[in-house]
Amino acid sequence: MSLGLSVLAYGLGTLIPLQLSAAPLWLLYAVVTGTVAGGCWVIAHECGHHAFHPNRRVEATVGFVLHSLLLVPYFTWQRSHAVHHANCNHLEAGETHVPPRAESLTGRLVAGVSRRLGPAGYGLFSLLTHLLLGWPL
């Protein structure tokens with residue numbers, strides 16, 4: 001279903017004119033197409049974890065095709081993603097969500113912002129910066 005809806009969304013996108021006046025349509029198109037393609041990404045991601053199909057060839061084929069359509073090289077992503085999970089939640093070797101050390105410049109900056117904003121304010125600030133800046137970057 002995700003693949004079919006993605007193809008349909010792509011087809012509809014070819015009908016939107018490349019004009020500034022169509023910018024709201026392009027924005028809507030991006031949101032809808034990105035949401036629909038998220039389903040393909042979930043399937044492709046599960047293939048990388050060997051959680052999609054018991055037959056490794058079927059899984060590799062589906063993962064390769066979907067990753068290729070999403071412009072992500074499958075086998076290199078699969079390897080780097082395995083390394084990511086091997087160090088997941090490790091405070092020093094992890095690749096994401098690694099807190100700064102308290103004595104570092106970043107650690108002191110974070111502590112200062114946290115004190116100024118308070119727990120609720122800093123939580124909201126962290127959430128917004130993570131979702132609006134960190135995740136897209």
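Trainee: Why is C40 called buried in this structure?

Mentor: In this predicted model, C40 has a relative accessible area of 5%, and because buried means a value under 20%, C40 falls in the buried class.

Trainee: How do you know that C40 is in no disulfide?

Mentor: A disulfide is a covalent bond between the sulfur atoms of two cysteines. The cut-off asks for a pair of cysteine sulfur atoms within 2.5 Å, whereas the nearest cysteine sulfur to that of C40 belongs to C47 and is 11 Å away, so by that cut-off C40 is left without a disulfide partner. For the model as a whole, the count by this rule comes to zero disulfides.

Trainee: And what makes C88 partly exposed?

Mentor: The relative accessibility of C88 is 39%, and since partly exposed covers what lies between the 20% limit for buried and the 50% limit for exposed, C88 is placed in that middle class.

Trainee: What makes G38 partly exposed, and where does G38 lie?

Mentor: G38 lies in helix α2, which covers residues 23-48, and its relative accessibility is 27%; this value is not under 20% and not over 50%, so G38 counts as partly exposed. G38 can also be related to L3, for the two are 35 residues apart in sequence and 9.9 Å apart in space, taken from C-alpha to C-alpha.

Trainee: Which residues have a positive phi although they are not glycine?

Mentor: Two such residues can be named here, H50 with phi near 60° and L71 with phi near 65°. H50 is found in the loop between α2 and α3, the latter being residues 56-69, while L71 has its place in the loop between α3 and α4, the latter being residues 74-86.

Trainee: Why is L71 called exposed, and why is H50 called partly exposed?

Mentor: L71 has a relative accessible area of 78%, and because exposed means over 50%, L71 is given that label. H50, at 39% relative accessibility, stays between the two limits, and therefore H50 counts as partly exposed.

Trainee: What makes F64 partly exposed, and which residues does F64 touch?

Mentor: F64, found in helix α3, has a relative accessible area of 43%, and as this lies between 20% and 50%, the residue is partly exposed. Leaving aside residues up to four places away in sequence, F64 touches Y74 and F75. The C-alpha atoms of F64 and A30, which are 34 residues apart along the chain, are separated by 23 Å.

Trainee: Why is P136 called exposed, and why is N87 called partly exposed?

Mentor: P136, whose place is in the segment after α5, a helix of residues 105-134, has a relative accessible area of 56%, and because that is over 50%, P136 is exposed. N87, placed in the loop between α4 and α5, has a value of 24%, which is not under 20% and not over 50%, so N87 is partly exposed.

Trainee: Which residues do P136 and N87 touch?

Mentor: With residues up to four places away in sequence not counted, P136 touches H130 and L131, and on the same basis N87 touches A93 and G94.

Trainee: Turning to the whole chain, what is its secondary structure?

Mentor: The chain comes to five helices and zero strands, and when it is read along the sequence the pattern is α-α-α-α-α.

Trainee: How do you know that the chain is more spread out than a compact globule?

Mentor: Its radius of gyration is 20 Å, and the globule rule gives 14 Å for 137 residues; the value for the chain is well over that figure, so the chain is more spread out than a compact globule. Along the principal axes, its C-alpha atoms fill a box of roughly 50 × 45 × 20 Å.

Trainee: How much of the chain is buried, and what can be said of its surface?

Mentor: Of the 137 residues, 20% count as buried. The accessible surface comes to about 10,200 Å², and 71% of that belongs to carbon and sulfur atoms. As for charges, there are 7 positive and 5 negative side chains, with the centres of the two sets lying 6 Å apart.

Definitions and conventions. Residues are numbered from 1 along each chain as its sequence is written. This is a predicted model: local features need pLDDT of at least 70, side-chain atom pairs count only at pLDDT 80 or more; totals for chains, interfaces and linings use all residues. Side-chain values use heavy atoms; hydrogens and water are left out. Helices (H or I, at least four residues) and strands (E, at least two) are DSSP runs, numbered from the N terminus. The radius of gyration is taken over C-alpha atoms; the globule rule is 2.2 Å times the number of residues to the power 0.38. Buried means under 20% relative accessible area, exposed over 50%, partly exposed in between (1.4 Å probe, protein chains only). Accessible areas come from the Shrake-Rupley method with a 1.4 Å probe; for residues, only the protein chains shown count as cover. Lys and Arg count as positive and Asp and Glu as negative; His and the chain ends are not counted. The place of a charge is taken as NZ of Lys, CZ of Arg, CG of Asp or CD of Glu. Contact means heavy atoms within 4.5 Å.
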